[in-house]
Amino acid sequence: MRYRLTFVAGLAVGYVLGARAGQQRYEQIKKAARGVAQNPAVRNSAETAAQQGKVYAGKALHTVSEKVGDHVPESFTERVRSRLGRNGHGRPAEDDWGTSHP
């Protein structure tokens with residue numbers, strides 16, 4: 001019984017100390033990640049990657065729609081076009097300021 005009580009007490013102390021150290025390390029990682037995310041070079045790279053993703057998705061949509069044709073439901077193609085930010089004519093849709101983005 002004494003060994004079991006000692007084991008449970010040790011487990012509780014280890015949990016409390018680990019939780020405190022874990023919280024501190026979590027806060028350090030969170031602060032570092034926030035600093036990286038706010039770096040202008042990282043933000044520009046992320047925006048460029050997002051734009052490239054849209055370009056490739058548009059090309060993929062065009063290629064697939066040529067090969068599949070009328071077999072794709074219209075609701076699906078409209079949803080894809082809206083996610084790409086394109087109007088029904090394959091051109092970039094205008095944003096709130098009247099400008100378009102390729």
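**A three-helix chain with few buried residues**

Of the 102 residues in the protein chain, 4% are buried. Keep that figure in mind while reading this predicted model. The chain exposes about 9000 Å². Carbon and sulfur atoms supply 59% of that area.

The fold is quickly listed. There are three helices and zero strands. Along the sequence, the pattern reads α-α-α. Helix α1 covers residues 2-37, helix α2 covers residues 40-68, and helix α3 covers residues 74-84.

How far should each part be trusted? The protein chain has an average pLDDT of 76. A score of at least 70 is reached by 80% of the residues. Among the helices, α2 has the highest confidence, at 85. Helix α3 has the lowest, with a mean of 78.

Start with helix α1. F7 belongs to this helix. Is F7 buried or exposed? Its relative accessibility is 57%, and the cut-off for exposed is over 50%, so F7 counts as exposed. F7 also takes part in a nonpolar surface patch. Its partners there are V8 and L11. The patch measures about 330 Å².

Further along α1 comes a charged pair. The side chains of E27 and K30 form a salt bridge, with 4.0 Å from N to O. A search of the whole structure finds one salt bridge. Both residues lie in helix α1. They are three residues apart, about one turn of the helix. How accessible are the two partners? E27 has a relative accessible area of 35%, so it is partly exposed. K30 stands at 34%, so K30 is partly exposed as well. Both values fall between the 20% and 50% limits.

Now move to helix α2. N39 caps its N-terminal end. A side-chain oxygen of N39 lies 3.0 Å from the backbone nitrogen of A41. From there, α2 runs for 29 residues, counted from 40 to 68. What distance does α2 reach from its first C-alpha to its last? The answer is 41 Å, close to the 42 Å expected at 1.5 Å a residue.

Definitions and conventions. Residues numbered from 1 in each chain as written. Heavy atoms only, no water. Helix = DSSP H or I, 4+ residues; strand = E, 2+ residues; numbered from the N terminus. Expected span 1.5 Å × (residues − 1). Polar contact = N/O pair within 3.5 Å; in protein donor to acceptor, adjacent residues only side chain to side chain. Buried < 20%, exposed > 50% of the residue type's maximum accessible area, 1.4 Å probe, protein only. Areas by Shrake-Rupley, 256 points an atom, 1.4 Å probe, with all protein chains shown as cover. pLDDT = per-residue confidence, 0-100. Patch = residues over 30% accessible without salt bridge, like charges linked within 9 Å, V, L, I, M, F, W, Y side chains within 5 Å.
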